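Please walk me through this model in the viewer, one selection at a time. What should be picked out at each stop, and what is found there?

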Amino acid sequence: MMENAQGGCLCGNLRYAVENQSSRVTICHCKFCQRATGGAYMVEPIFDAQDFRLLKGTPKKYAHISAGSGKKVFVHFCDTCGTKLFLTFERFANIVGVYGGTFDDPDWFDLTPENSKQIFLGVAQRGTSIPPHVNTYIEHATEQDGTPIKPTVFETHQIIRT
């Protein structure tokens, strides 16, 4: 596997590598992501599972039931330092969502209006900044059956006021 980028946890017990750029980047404002990151949202580059591999260590795994889909979301984390590294999904078995800040260089992956979307704006924290020309969604980007939902695209910068 040719490695484009590597990342890992705070203590160094877990290391991973990805091959290729992410297929897309999800910026998620849901309550789960707020709590999981301790921030206003999660920046989650999405990779094909075949393009992701562990280099060192074995993460612990927490199974969380998604409030939106009722399906399991698996949080993979270091049981020494507590760093959350990546997510896998019962609903989307062939992808891995990486916590973007865990890359050695968190700026290496492309983040553009064309490859990103912002989801769960309905529960985004007050004061959150939403850039123009990005697909946005009040909740998820798809229905339970996988049917795409039509995005809202703002022409100008927006600030969440609720």
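Helices and strands are DSSP runs, of at least four residues for a helix (H or I) and at least two for a strand (E), numbered from the N terminus. On that basis the chain has 1 helix and 14 strands. The model is a predicted one.

**Whole chain**

Begin with the C-alpha trace. Along the principal axes, the C-alpha atoms fill a box of roughly 45 × 30 × 30 Å. The radius of gyration is 16 Å, which agrees with the value near 15 Å for a compact globule of 162 residues. Switch on the surface: the accessible area is about 8,900 Å², and carbon and sulfur atoms account for 50% of it. Of the 162 residues, 40% are buried. Among contacts with a separation of 6 or more, 52% are between residues 24 or more positions apart.

**The open sheet**

Next, show the strands as a cartoon. An open sheet is formed by 9 strands in the order 6-7-8-9-4-3-10-12-13, with mixed pairing. Its edges are strand 6 (60–65) and strand 13 (152–153), each of which pairs on one side only.

Select strand 3 (residues 24–28) together with strand 10 (residues 116–119). These two are parallel and share 4 bridges. Within this pair, Ile-27 stands opposite Gln-118 of strand 10.

Stay on Gln-118. Is this residue buried or exposed? Gln-118 has a relative accessible area of 5%, so it counts as buried, the cut-off being under 20%. Show what surrounds it: beyond its neighbours within four places in sequence, Gln-118 is in contact with Ile-27, His-29, Ile-130, Pro-131, Val-134, Asn-135, Thr-136 and Tyr-137.

**The hairpin of strands 1 and 2**

Move to strand 1 (residues 5–8) and strand 2. They run antiparallel and are joined by 4 bridges. Gly-8 has Arg-15 in strand 2 as its bridge partner. Between the two strands of this hairpin lie 6 residues, and Gly-12 takes a positive phi near 90 degrees.

Now display the side chain of Arg-15. It meets the side chain of Asp-104 in a salt bridge, at 2.6 Å from N to O. Arg-15 belongs to strand 2 and Asp-104 to the loop between strand 9 and strand 10, so the pair ties together parts 89 residues apart in sequence. The structure holds 1 salt bridge.

**The nonpolar cores**

In soluble globular proteins, nonpolar side chains tend to be buried together. Which residues touch the most other members of the largest nonpolar core? Select Tyr-16, Val-18, Phe-52, Val-98, Phe-103 and Trp-108, which do so among its 16 residues. At least two residues of this core come from each of strand 2 (15–18), strand 8 (84–89) and strand 9 (95–98). Then colour Ile-46, Val-73, Tyr-99 and Ala-141 separately: they are included in a second, separate core of 15 residues.

**Towards the end of the chain**

Finish at Arg-161, in the segment after strand 14 (158–159). Arg-161 has a relative accessible area of 68%, so it counts as exposed, for which the cut-off is over 50%. Draw a distance from its C-alpha atom to that of Gln-125: the two atoms are separated by 8.3 Å, although Arg-161 and Gln-125 are 36 residues apart along the chain.

Conventions: Residues numbered from 1 in each chain as written. Predicted model: local features only at pLDDT ≥ 70, side-chain atom pairs only at ≥ 80, totals over all residues. Heavy atoms only, no water. Buried < 20%, exposed > 50% of the residue type's maximum accessible area, 1.4 Å probe, protein only. Core = buried A, V, L, I, M, F, W, Y, C linked by side-chain atoms within 4.5 Å. Pairing = 2+ DSSP bridges. Contact = heavy atoms within 4.5 Å. Rg over C-alpha atoms; globule rule 2.2 N^0.38 Å. Areas by Shrake-Rupley, 256 points an atom, 1.4 Å probe, with all protein chains shown as cover. Salt bridge = Lys/Arg side-chain N within 4 Å of Asp/Glu carboxyl O.
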